[in-house]
Amino acid sequence: MLTAGQARALQLAAQGLLQPLRRRPRRDDVVAAVERMRLLQIDTIHVVARSPYLVLHARLGDYPTKWLDEALAAGKLAECWAHEASLVGASDIGWHRAWRAQRLQHWAQRHALRVQHEHRAEMDALLDRIRANGPVRAADFTRAPGSVAGKPGWWEWKPEKRWLEACFALGELMVARRDNFQRVYDLAERVLARLDPPLDPSTATAEPLTVRQRFIADTVRALGITTTAWIADYHRLKPAVGEQELAPLLKRGELLAQAVQGWKTPGYVHRDHADALDKARQGRLRATHTALLSPFDPLVWDRARASAMFDFDYTLECYVPAAKRRYGYYVLPILHRGQLIGRLDAKAHRADGVFEIKALFLQPGIAVAPRLVQALADTIRDTARWHGTPQVRLAHCEPAALASRLRACWRAG
């Protein structure tokens, strides 16, 4: 039986968050990290770095963000709807395209079908334009006089943006690349034709049960160890995954059952992690990494899983009215040596080169030990430099004594 700490270590190892990278990152590490997680959620908020870049920074350290953009443009990654809007490895995009018909309950798919019903002629004309003239951005189309710009939500998009997004959700268009994070849309067949590795046509036509089993196995692999209750959320599978669905995967040895102290139901491990499981049982998986995590990091995006695994209750408060926020607008969980030990509300002022920490909170009971202070100071400083905002400004801190100790570390270099 694993202890709770050993289970956490196994999950961190699978996610690439157990120990820091022991060498300088390489270009191929970006694709490898996405393939390891199975998907990389995209979000547009950029109070600090946009989420996909920050998720990779937590695993790779100081890497050039352009590597992610270049991997998409080179066909090594592809965009699709998965957990939410996500990047996946080129070898996985066929599975996701085969699953589109099973995502009818998702808001993006429902909206796309509604737009298609109301504007099929305009969407066909847009596809003809792209076929004749090449890829387009939403920014290539002017907004109609008198319309309102700058409001969030698809209901405020200009018509062409809504048509492009609908064609993307329906699989008629794909994202060829991103320019300054703006999607550049092209015909799906042209994007699929340059995937690296090439598309396996059998995946794109796979039966729903086959795809669902694939996603279940991929989720267990990505999480390192999981209960059935946490499997469905990773790829947004409906209905929820039950024990009976795992029976064929267990029978053929693709999954392994593993008891964990304090868990009322079994944990499951993918056979690819059999060696890591043995090390976990022996207490040989040592967590040494400290990192600031995106709110959309796979480690924490399932709030119930984060609470159960790490005793960390987390809410992304940018969607909460300001007066009701407890910790801040865009709060980053702090990972330290196998625990989520606190959270940090930051804003990168890129024009001024300032990384502003509006507030930093440690979890109750976390001792402000010298090793923790130094690791946290180093992580914040390195993250700030990677942002191009090397000057760190710290305001509120709980406990208050932590602030002076962090500042002393930064002054010492």
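This is a short talk on the fold of one protein chain, from its overall dimensions to a few local details.

Let me say at the outset that what we have here is a predicted model, and that every value I quote is computed from it.

I will start with the chain as a whole. The chain has 413 residues, for which a compact globule would be expected to have a radius of gyration near 22 Å, and since the chain itself comes out at 22 Å, the two agree. The C-alpha trace spans about 65 × 60 × 40 Å along its principal axes, and the secondary structure consists of 16 helices and 12 strands. Of the 413 residues, 54% count as buried, while the area that the chain exposes is about 18400 Å², with carbon and sulfur atoms supplying 52% of it. If we take the contacts with a sequence separation of 6 or more, 64% of them are between residues 24 or more positions apart.

Now to the interior. The largest nonpolar core holds 124 residues, and the members that touch the most others are Leu56, Leu360 and Ile380. Where does this core lie with respect to domain 1 and domain 2? Domain 1, made of 1–37 + 63–141 + 159–286, and domain 2, which covers 315–412, both contribute residues to the core, so it lies between them. Apart from this one there is another core, of 16 residues, including Ala98, Leu246, Leu255 and Tyr268.

Leu56 deserves a longer look, together with the helix that carries it. Helix α3 runs over residues 51–60 and is mostly covered, with 10 of its 10 residues buried; among them are the polar or charged positions Ser51, His57 and Arg59, as well as Leu56 itself. Once the neighbours within four places in sequence are set aside, Leu56 is in contact with Val30, Ala33, Val34, Met37, Leu40, Gly61, Tyr63 and Leu68. Gly61, one of those contacts, also follows α3 in the chain and has a positive phi, near 80°.

Turning to the strands, there is an open sheet of 3 strands, in the order β1-β3-β2, and its pairing is antiparallel. Which strands stand at the edges? They are β1 (40–41) and β2 (77–81), each with a single partner strand, so that one side of each has no neighbour in the sheet. Between β2 and β3, the latter being residues 85–89, the antiparallel pairing extends over 5 bridges, and within it Leu77 stands opposite Gly89 of β3.

A further antiparallel pair is formed by β4, residues 173–179, and β5, which are joined by 6 bridges, with Met174 standing opposite Asp186 in β5. These two strands make a hairpin with 2 residues between them, and Asn180, in the turn, has a positive phi of about 50°. Strand β5, residues 182–187, has 5 of its 6 residues buried, and is therefore largely enclosed by the rest of the structure.

Finally, a word on a loop. Gly262 is found between β6 (255–258) and β7 (267–270). Is this glycine buried or exposed? With a relative accessibility of 77%, Gly262 counts as exposed, because the cut-off for that label is over 50%. Its C-alpha atom is separated by 21 Å from that of Ala276, which is 14 residues away along the chain.

Methods: Residues are numbered from 1 along each chain as its sequence is written. This is a predicted model: local features need pLDDT of at least 70, side-chain atom pairs count only at pLDDT 80 or more; totals for chains, interfaces and linings use all residues. Side-chain values use heavy atoms; hydrogens and water are left out. A nonpolar core is a set of buried Ala, Val, Leu, Ile, Met, Phe, Trp, Tyr and Cys residues joined through side-chain atoms within 4.5 Å. Buried means under 20% relative accessible area, exposed over 50%, partly exposed in between (1.4 Å probe, protein chains only). Domain bounds come from an automatic or database domain assignment. Contact means heavy atoms within 4.5 Å. Helices (H or I, at least four residues) and strands (E, at least two) are DSSP runs, numbered from the N terminus. The radius of gyration is taken over C-alpha atoms; the globule rule is 2.2 Å times the number of residues to the power 0.38. Accessible areas come from the Shrake-Rupley method with a 1.4 Å probe; for residues, only the protein chains shown count as cover. Two strands pair if DSSP finds at least two bridges between them.
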